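Reader: Please take one part of this model and walk me through it closely. I would like the strand residues and their contacts, then the cysteines, then the helix pair.

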Amino acid sequence: MDRAALTQFLESEFPQVAQMFAIDTVAPMEATIRLLNDERHLRPGGTVSGPAMFALADVSVYLAIMAMIGPKALSVTTNCAIDFMRKPIAGVDLICKTRLLKLGRVLAVGDCLIYSEGHDAAVARASLTYSIPPDR
């Protein structure tokens, strides 16, 4: 699936969160997804919340997988480990650079680095595993 197809898929299958994200780039085994700046993602102290960063990592790996295998909406997260390394900058988008490390028949593993837009130091790192449903 290309960028346009992924955007349409996200809007049709996940309308409740589609407006929170934008797809910057899609390439084989890679994607760059952005969490659009919104005050609802902030926590006290003027930083982006951990749940918002988790959502960005989760959606990013999911979309990278869909780009490779097509629209299998029932693929699900089976594991996630996330390290919050520094305070994200409030008021700017978060950018998630994702690469798939393994794309098998049943499991996919992805790695993410999350940055505050315009800054070089990663604010979080995540590793996710997805289960891909069998073809019926």
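Author: What follows starts at one arginine and works outward. The model is predicted.

Start with Arg125. Its place is in strand β8, which spans residues 122-131. Is Arg125 buried, partly exposed or exposed? Its relative accessible area is 26%, so Arg125 is partly exposed.

Now its partners. Neighbours within four places in sequence are set aside here. Arg125 then touches Ala81, Ile82, Asp83 and Met85. Arg125 also contacts Asp111, Cys112 and Leu113. For a sense of distance, take Gln8. Gln8 and Arg125 are 117 residues apart along the chain, and their C-alpha atoms are separated by 27 Å.

Move to Asp111, one of the contacts of Arg125. Asp111 lies in strand β7, residues 107-116. Its relative accessibility is 15%, so Asp111 counts as buried. Arg125, by contrast, is partly exposed. Again leave aside neighbours within four places in sequence. Asp111 is in contact with Lys97, Thr98, Arg99 and Leu101. From β8, its contact list includes Arg125. Ala126 and Ser127 are on that list too.

Cys112 is another contact of Arg125, and it raises the matter of disulfides. How many disulfides does the structure hold? The count is 0. Cys80 is in no disulfide, and the nearest cysteine sulfur, that of Cys112, is 7.9 Å away. Cys112 is in no disulfide either; its nearest cysteine sulfur belongs to Cys96, at 3.8 Å. The cut-off explains this: a disulfide needs the two sulfur atoms within 2.5 Å, and the sulfur of Cys96 is 3.8 Å from that of Cys112. The two cysteines also differ in exposure. Cys80 has 27% relative accessibility, so it counts as partly exposed. Cys112 has 0%, so it counts as buried.

Last, the helix pair. Helix α1 covers residues 3-13, and helix α2 covers residues 50-69. Their axes come within 10 Å and cross at roughly 120°. That angle makes α1 oblique to α2. The crossing of α1 past α2 is right-handed. Which residues meet there? From α1 come Leu6, Phe9 and Leu10. From α2 come Tyr62, Leu63, Met66 and Ala67. By class, the contact has 7 nonpolar residues, no polar ones and no charged ones.

To recap the strand part: partly exposed Arg125 in β8 contacts Asp111, and Asp111 is buried in β7.

Conventions:
Residues are numbered from 1 along each chain as its sequence is written. This is a predicted model: local features need pLDDT of at least 70, side-chain atom pairs count only at pLDDT 80 or more; totals for chains, interfaces and linings use all residues. Side-chain values use heavy atoms; hydrogens and water are left out. Buried means under 20% relative accessible area, exposed over 50%, partly exposed in between (1.4 Å probe, protein chains only). Axes are lines fitted to C-alpha atoms, for helices over the stretch in contact, and angles run from 0 to 180 degrees between N-to-C directions. Helices (H or I, at least four residues) and strands (E, at least two) are DSSP runs, numbered from the N terminus. Angles under 35 degrees count as roughly parallel, over 145 as roughly antiparallel, 65 to 115 as roughly perpendicular and the rest as oblique. A crossing is left-handed if the near helix is turned anticlockwise from the far one by less than a right angle, and right-handed if clockwise. Contact means heavy atoms within 4.5 Å. Ala, Val, Leu, Ile, Met, Phe, Trp, Tyr, Cys and Pro count as nonpolar, Asp, Glu, Lys and Arg as charged, and the others, Gly among them, as polar.
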